[in-house]
Amino acid sequence: SVFAGGFTLEAAEEARLEAENLSRRLSALQRMTDAALARYSVDEVITQSLNRVREVLRVDTVAILLLETAGDELVAWAAQGLEEEVELGVRIPVGKGFAGRIVAENKPRIVRDVSQADVYNPLLRNKGIKSLLGVPLIIEGRPIGVLHVGKLEFTDFTGENVRLLELAADRIALAIENARLHEEQTAALAEAEAAAVRFGNVRLRQPGDLAEAAGPAAPEVTR
């Protein structure tokens with residue numbers, strides 16, 4: 001059957017199947033619920049997230065790069081299929097290359113042919129990656145890093161692929177931010193406890209405490 005505009009029944013069925021497939025893939029990513037983020041350590045959440053992204057998007061590589069405190073460089077933080085990025089401590093200046101432009105512009109970026117693109121990190125070409133898709137990791141509107149995936153064959157990433165990766169990026173960014181806040185709270189608590197101990201020691205060294213610690217006074221010597 002042919003509908004208005006030449007839209008066939010077969011095309012309609014294909015669109016329905018694609019919609020169902022997208023729904024299943026979204027559900028797979030959404031299994032990383034907020035409860036899971038609270039239950040697992042950040043390392044466990046990141047590992048699960050990278051596994052899920054590779055599975056759902058059917059990609060060969062996935063990597064996370066985070067902004068340094070100074071905010072002028074991205075540093076490879078976690079990866080699958082691109083483990084060398086982390087092992088070598090790859091750094092990307094903000095605004096340079098694929099990942100650097102994503103964080104500078106705070107928006108997704110697609111590269112169909114890596115060999116023809118401005119790629120700062122030569123490892124991407126050396127690994128044989130043909131196509132890339134990356135999105136910013138965002139907390140409260142500000143980028144804190146980049147999540148990108150790669151394929152070893154030329155791929156036309158779609159808007160749906162971007163949506164799926166952005167969903168994963170939102171959850172990964174939340175896990176990273178929660179871990180950062182936890183580290184700050186732990187450090188603040190440790191500092192407060194150390195200050196309390198120091199304060200206690202000062203009190204022990206007050207004159208009255210020192211006299212008491214010295215024991216009874218020596219008897220006077222009479223002549």
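Biologist: Is glutamate 73 buried, partly exposed or exposed, and at what relative accessibility?

Modeller: The model is a predicted one, and the class of a residue in it follows from its relative accessible area, where buried means under 20% and exposed over 50%. Glutamate 73 falls between these two limits and therefore counts as partly exposed, its relative accessibility being 26%.

Biologist: Which residue meets the side chain of glutamate 73 in a salt bridge with an N to O distance of 3.0 Å?

Modeller: Glutamate 73 belongs to strand 2, which covers residues 73-80, and its partner sits in strand 3, residues 91-93, so the pair ties together parts that are 18 residues apart in sequence. The partner is itself partly exposed, with a relative accessible area of 40%. Glutamate 73 is also linked with Glu68 in a network of salt bridges that includes this partner, and the residue that meets glutamate 73 at 3.0 Å is arginine 91.

Biologist: How many residues apart in sequence are the parts tied together by glutamate 84 and lysine 127?

Modeller: The side chains of glutamate 84 and lysine 127 meet in a salt bridge at 3.3 Å, N to O. Glutamate 84 lies in helix 4 (residues 83-87), whereas lysine 127 lies in the loop between helix 6 (122-126) and strand 5 (131-139), so the separation of the parts they tie together is 43 residues.

Biologist: Where a salt bridge joins glutamate 177 and arginine 142, which of the two counts as buried?

Modeller: The two side chains meet at 3.6 Å, N to O, with arginine 142 in strand 6 (residues 142-151) and its partner in helix 7 (residues 159-204), so the bridge ties together parts that are 35 residues apart in sequence. Arginine 142 is partly exposed, with a relative accessible area of 37%. Its partner has a relative accessibility of 11%, which lies under the 20% limit, and therefore the buried residue is glutamate 177.

Biologist: How many salt bridges does a search of the whole structure find?

Modeller: The bridges described above include the one between arginine 91 and glutamate 73 and the one between glutamate 84 and lysine 127. For the whole structure, the search returns a total of seven.

Biologist: What share of the contacts between residues at least 6 apart in sequence joins residues at least 24 apart?

Modeller: The protein chain has eight helices and six strands, and of its 223 residues 35% count as buried. Among the contacts in this chain between residues at least 6 apart, the share that joins residues at least 24 apart is 55%.

Conventions:
Residues numbered from 1 in each chain as written. Predicted model: local features only at pLDDT ≥ 70, side-chain atom pairs only at ≥ 80, totals over all residues. Heavy atoms only, no water. Salt bridge = Lys/Arg side-chain N within 4 Å of Asp/Glu carboxyl O. Helix = DSSP H or I, 4+ residues; strand = E, 2+ residues; numbered from the N terminus. Buried < 20%, exposed > 50% of the residue type's maximum accessible area, 1.4 Å probe, protein only. Contact = heavy atoms within 4.5 Å.
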